Amino acid sequence: MPYSDTVKARLLASIDELAADPERYAVDPGRDFSRNRKLGIKKLLHMLLTMEAGAIKEELYRYLGRTTEAPSKASFYKQRKKLKDGPLMELLLSFDQKCERHLFKRRYSLVACDGSAADIYRDPTDPDTYFGPSGKSTKGFDQIYLNASFSILDKRYTDLVVQPARKRDEYSAFCQMVDRSRTDVPIIYICDRGYASYNNFAHVIEKGQYFLIRCTDVRTERLLGFSLDGVRELDYHVDRILSRSQSVKKRLHPELAEQYRHVCREVPMDYITEDRPEYSLSLRVVRIEIAKGVYEDLITNLPDIDFDIHDFKELYHLRWDEETAFRDLKYPLCLTAFHSKKYAYIVQEVWARAVLYDLCSEISMHVEIPKKDRKHVYKVNFAQAIKICRDFLRIHDKTTTLDVEGLIAQNIEPIRPGRAFPRQKRFRLPMSFCYRN
């Protein structure tokens, strides 16, 4: 059996598990999804995964065939309205558990956490998503913010937290993703500067996992208690005691005065309570040179015995894979063309696109590219692979076949190392409903 069939079977098995208990995911349990319809919960979830940027009627034709028996747009809207927020999240988590894992040093799972904004339909009446006229847009625009955890070696999204852009909070989103992680494999969370906080450190430590988070020089110096001027390389251990109070008399360990750091009440710190007024942290501060004269500060709790300063340089560069994953999620997977104005339905589609990304990535990683005498090393063209896997997932008649691996192997592109281009910050409006085909 081709590996693509195996992966598809895993995804369909996860859908079957959800469809077996429709009351759990219905807005009105006992009534919704209780009747036999053309677009039941199983087909609805399946179709949401295969949607592109077309009009709803065209999406129905693509999934069910261009026949008079295809459901109407109204029936799709009614069935979609019956779904709660949770089923597509459960589908992604369930599918991820069924897929193979690649481990760093044969032990650690590497998970990058980052966020990205996505434009949605303009609605000036929504205070949570609307941004007024500015240099970007003369009419204003609406956005959501995607916080994602991404398995670097598996090249799969493992969790998402979607927020209205005006209420963007990367700190709380990170804590949610850490707390609901289901794996029993040691995880190293690799994050950018926006995630450096005592609360984030504590959530990972309490979960029994590891982190490697970039930090600014100012914050690192505040943590260390000394200046980094002239320091080119550093690997230093610090113990810190966090407290809401600045009173010396209230300290439980006054003899360790240099270890205390004050956390003001406006800053989240979930593990400082009335019963637990202080929280102790053991951290490792690493400073590496990533280019001539360019330095990065990293905060971690990784053990010395397994990780030296050269390992941190390798781990730091691996994080870039999530940036390209966001690009693929937005454009080849049509995250710029939602099929609704309602926030809840937009969140549904974000989860559905992430599931399709994971399916395509899992299949693409196992495609063997024929070795030939070429100037460059070649890799899979992921944008084309997404189209192939989407068509493959649409097949549900048990008779049509598709050579998925063969088609993906035909669509390849050269790897040109050392090429770097400045990021183009261009504002793009989402695709209007009037121009869908």
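These are my notebook entries on the cores, one helix, the cavities, a pocket and the cysteines of this structure, which is a predicted model.

**Entry 1, nonpolar cores.** I began with the largest nonpolar core and found that it has 67 residues, with Leu11, Leu49, Phe76, Ile144, Tyr157 and Ile408 making the most contacts inside it. Helix α11, residues 343-364, gives the largest share of this core, 12 residues. I then listed a second, separate core of 30 residues, and noted Phe201, Phe211, Ile213 and Ile272 among its members.

From the first core I picked Tyr157 and looked up its contacts, leaving aside neighbours within four places in sequence. The partners of Tyr157 include Leu92, Ala148, Ser149 and Phe150, and also Ala325, Phe326, Leu329, Ala354, Tyr357 and Asp358.

**Entry 2, helix α7.** Phe201 of the second core led me to α7, which covers residues 198-206 and in which Asn199, Asn200, Phe201, Ala202, His203 and Val204 are buried. I asked which elements the buried residues of α7 pack against. They pack against helix α6 (170-179) and against the strands β5 (187-191), β6 (210-215), β9 (278-291) and β10 (294-300). After α7 comes Gly208, for which I noted a positive phi, near 80 degrees.

**Entry 3, cavities.** The count came to 2 cavities of 30 Å³ or more. The largest cavity holds about 210 Å³ of space, and of its 16 lining residues I wrote down Asp96, Thr158, Ser181, Arg182 and Thr183 as those nearest its centre. Two or more lining residues come from each of α5 (87-98), β1 (109-120), β4 (156-164) and β5, and the largest share, 3 residues, is that of α5. Sorted by class, this lining has 5 nonpolar, 6 polar and 5 charged residues.

For the second largest cavity I found about 30 Å³ of space, lined by Ile190, Cys191, Leu212, Ile213, Arg214, Leu298, Tyr316 and Arg319. Both β5 and β6 supply at least two of these lining residues, with β6 giving the largest share, 3 residues. By class, I noted 6 nonpolar and 2 charged residues in the lining of this second cavity, and no polar ones.

**Entry 4, second largest pocket.** I put the volume of the second largest pocket at about 470 Å³. It is lined by 17 residues, and Ala196, Ser197, Tyr198, Arg219 and Arg222 are the closest to its centre. Helix α7 returns here, since the elements giving two or more residues to the lining are α7, α8 (217-224) and β8 (260-262). The lining residues of this pocket divide into 11 nonpolar, 3 polar and 3 charged.

**Entry 5, cysteines.** I looked for disulfides and found 0 in the structure. Why does Cys175 form no bond with the closest cysteine sulfur? The closest sulfur to that of Cys175 belongs to Cys191 and is 10 Å away, which is too far for a bond; a disulfide needs the two sulfur atoms within 2.5 Å. Cys175 is also buried, with 6% relative accessible area.

I repeated the check for Cys215, whose closest cysteine sulfur is again in Cys191, here at 12 Å, and so too far for a bond. Cys215 counts as buried as well, at 7% relative accessibility. I closed the entry by noting that Cys191, named in both checks, is one of the residues lining the second largest cavity.

Key
Residues are numbered from 1 along each chain as its sequence is written. This is a predicted model: local features need pLDDT of at least 70, side-chain atom pairs count only at pLDDT 80 or more; totals for chains, interfaces and linings use all residues. Side-chain values use heavy atoms; hydrogens and water are left out. Buried means under 20% relative accessible area, exposed over 50%, partly exposed in between (1.4 Å probe, protein chains only). Helices (H or I, at least four residues) and strands (E, at least two) are DSSP runs, numbered from the N terminus. Contact means heavy atoms within 4.5 Å. A nonpolar core is a set of buried Ala, Val, Leu, Ile, Met, Phe, Trp, Tyr and Cys residues joined through side-chain atoms within 4.5 Å. On a 1 Å grid over the protein atoms alone, a cavity is a set of points where a 1.4 Å probe fits but cannot get out, and a pocket is an open set with protein on both sides within 12 Å along at least five of seven lines; lining residues have an atom within 4 Å of a point. Grid points are joined across faces, edges and corners, and a volume is the space filled by probe spheres set on the points. Ala, Val, Leu, Ile, Met, Phe, Trp, Tyr, Cys and Pro count as nonpolar, Asp, Glu, Lys and Arg as charged, and the others, Gly among them, as polar.
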